[in-house]
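Here are my notes on the model, set out as numbered points so that each can be checked against the coordinates. I begin with the interface and then turn to the individual chains.

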Amino acid sequence: MLTLAIAYLRDRPLTTILNVLLLAISVAMLVLLLQFGSQFEKRFEKDAEGVDLVVGAKGSPLQLILSSVFHIDQPTGNIPLSSLELLRGDPATGRVIPLALGDNFEGYRIVGTDETFLDLHQAEIAQGAMFEAPMQAIMGASVAAETGADLGQQFIGSHGLSADDGADTGHDHAPFETVGVLAPTGTVIDRLILTSVESVWDVHGIAHDHDHDHGSDADHADHDHHGEHGHADDGHDHAKEDAQQTARLQSVQSELQPELTALLVSYRNASGAIRIPAMINRQTEMQAAVPAVETARLLSLLGVSLEGARIFAWLLAAIGGLAIFVALFSMARSREGDLALLRVMGATRRQLFSTILLEGLVTAAAGAALGWLLAHSLLTVARNSFATMRDLGLSAWQPVSQEGLIILAVLIIGMVAAIIPALRVMRVDPAAILSRAG
Amino acid sequence: MQLQVDAIGKSYGTTAVLKGVSFSLSDGEQALLLGPSGSGKSTLLNIICGLQRPDQGSVAIDNQVIASPDSTAKSDEVRRTSLGIVFQTLRLVSALSLRANLELAQKLQTGRVDSGLIDESLDRLDISHRAGARPFQLSQGEAQRAAIARAVVVSPKLLIADEPTSALDRENTRRVAELLIEMAKTVGAGLLIATHDDRLGDFFPQNYALDQGELKSC
């Protein structure tokens, strides 16, 4: 009966293809929405784990979280280096991680930080060692795999946070040396290049004390920083310029202070959650943003759009079911002669019923399979085409269990659409039909 | 095989189309049922095939009742295991190839596919080269032979054909009649043909005529 059902479907290819496509598009949409929703949510949760608060320059709190925790947006600005000491000295804080952003290598962000950042993501050195000296760097697992970086190799960072930003502003004068590669963690750190905060300052020609200890109250008077990240500044043309340009540059540098981009804070006790954000927001020029709140806000904003798209996709699936119903219902009448013949040849009413039901099911199964493949292929294309998707760690071939439910629902739609036509053919009176035709 | 048609009566409203029709057909026997259009041939064939219930009488094949006024007859089972039917309009499943049509018939009626018998039948009917063709790709003559092939590949005890030569010229009528007789003999089946075409009378030793609902030997 399955062979016969498939033969009937092949006998009217246009209708079959149309019905399969309708269901495939709806399944693809549903799977994509599910994948985006679940992967982003999981990723956000994992990346933000262990970070209770992010302190950065005033601006959009969501932007601060996106840039400092998920590394997918531009930072809001810089904050004074002294803020690190301020928070590390607070008894309510547990871990305070400094971040200095501004450059990238082949689109992978170079993050100035310290070993506490590795602790946060529970990252371990797989090869080599932790950076110690200036201009040493360690690569996240994905960065190493995708750039082919090896221990001892040198690379030159470009200004900006994505590959396009710094195409013309390579820091040729200050190459980094890869001294270590991290083991994969499944978090954002896999896609980052880590170095010391001082190395980031060095790249930008910001004078500072190389023995600077983030945990001490060092004198920062001689530190300078040459400005906000994310803009093309003229401090990048260092090496071969004439004396006049060097002098001008030194002049600019001398006006800048060594700064940080953000601080990732975890509390030692609950009182920190009440006191610290209020203190930062009211008494300083910085802002404090809570990742859990901002992520929830982002997911809620995304959720509204996703829900709308999801309703549309289910409507498409229902239309696909309706199309199957119309096709089978009209076919049942034009196929009465065949069905009568099958009854005469010994087919039971149940077999005739199952033939029609199978046509609905096979159509739905083909639509579901095609839609599923389409969705995951589109995820692959999205991942390969859009840097943001890669940065979010979007994975193309990681099916989730709910996809099975979508497929099951579409199969049920196909079956339900076929039930009425199938019941109709069960009532076929072979004698009447064969006599009529004869 | 023994076909026993016993006192079959059938009316549509007040019109009696069959009045106590009785005849029998023994193992390997061949008979022709002649009658003009509207004489009740198709009704009688439907009753013999277990597709319609008679008002009176019964039909049995090898003592298994296939048709009776009550619902106790196991029509589907007897028809499936005993009969091969060639319909007037041939009735090949258009979505399937010729070979697939034969395989489907075998699967439904015997529960298994006998490729050897299919090949042999296609060869004997000279349509083996058209085995992969769909029904609409066959000529009228090829389709006629395909319908015969489908009826014989199920190894029936009785081969029944309804108007198998309608719309055929004399030469093709002769060929179809000879093929039916030959194929019935090949599979050891009895043969019963209902037709209005009295040109077929010469091919059969036993002819019956339906006249106003009554069956007469001729």
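How many residues of chain B are in contact with chain A, and how many of chain A with chain B?

1. The model is a predicted one, and the contact count between its two chains is 23 residues of chain B with 23 residues of chain A. The area buried between chain B and chain A comes to about 1,900 Å², and carbon and sulfur atoms give 63% of that area. On the chain B side, B:Leu51, B:Arg91 and B:Leu108 lose the most area to chain A, and together these residues make up 30% of what that side buries.

2. Two salt bridges are counted between chain B and chain A, out of 24 over all chains of the structure. Between the side chains of B:Asp76 and A:Arg343 there is a salt bridge with an N to O distance of 3.6 Å. Within chain A, the side chains of A:Asp47 and A:Arg43 form a salt bridge at 3.0 Å, N to O; both residues belong to helix α2 of chain A, which covers residues 13-48, and they are four residues apart, about one turn of the helix.

3. On confidence, chain A has an average pLDDT of 83, with 84% of the residues scoring at least 70. Residues 212-236 of chain A call for caution in reading, as pLDDT stays under 50 over this stretch, for which the model nevertheless has 80 contacts beyond four places in sequence.

4. The unreviewed UniProt entry annotates residues 17-36, 311-331, 352-375 and 405-426 of chain A as "transmembrane region". In the model, residues 17-36 of chain A are 100% helix and 0% strand, with 28 Å between the end C-alpha atoms. Residues 352-375 of chain A are likewise 100% helix and 0% strand, and here the end C-alpha atoms lie 35 Å apart.

5. Chain B contains an open sheet of four strands in the order β2-β1-β4-β5, with antiparallel pairing. Its edge strands are β2 (15-25) and β5 of chain B, each of which pairs on one side only. Neighbouring strands of this sheet are turned by 30 degrees against each other on average, direction ignored. Helix α1 of chain B, residues 41-48, lies across β1, β2, β4 and β5 of chain B and runs at about 125 degrees to β1(B). Helix α2(B) also packs on the sheet, where it touches β4 and β5 of chain B, and its direction makes about 105 degrees with that of β5(B).

6. The pairing within this sheet can be followed residue by residue. Strand β1 of chain B, residues 3-12, is joined to β4(B) by five bridges, and the two strands run antiparallel; B:Leu3 has B:Ile61 as its bridge partner in β4(B). B:Ile61 in turn has B:Gln64 as its bridge partner in β5(B). Three bridges join β4 (residues 56-61) to β5 (residues 64-67) of chain B, again in an antiparallel arrangement, and B:Ala60 is partnered in β5(B) by B:Val65. Strands β4(B) and β5(B) form a hairpin with two residues between them, and in the turn B:Asp62 has a positive phi of about 50 degrees.

7. A further open sheet of chain B has six strands in the order β6-β7-β8-β3-β9-β10, and its pairing is mixed. Strands β6 (83-86) and β10 (214-217) of chain B stand at the edges with a single partner strand each, so one side of each is left without a neighbour in the sheet. The twist from one strand to the next averages 20 degrees.

8. Within the six-stranded sheet, strand β7 (residues 158-162) of chain B runs parallel to β8 (residues 190-195) of chain B and is joined to that strand by five bridges; B:Asp162 stands opposite B:Ala194 in β8(B). Two helices of chain B lie across β6 and β7 of chain B: α2 (residues 75-82), which runs at about 80 degrees to β6(B), and α5 (residues 140-152), which runs at about 170 degrees to β6(B). Helix α2 of chain B therefore deserves a careful look, as its contacts include β4 and β5 of chain B as well as β6 and β7 of chain B, with contact taken as heavy atoms within 4.5 Å.

Methods. Residues numbered from 1 in each chain as written. Chains lettered and ligands numbered in written order. Heavy atoms only, no water. Pairing = 2+ DSSP bridges. Axes fitted to C-alpha atoms, helices over the stretch in contact; angles between N-to-C directions. pLDDT = per-residue confidence, 0-100. UniProt positions renumbered as here; feature names shortened; annotations may be inferred. Buried area = accessible area lost by both parts, 1.4 Å probe. Salt bridge = Lys/Arg side-chain N within 4 Å of Asp/Glu carboxyl O.
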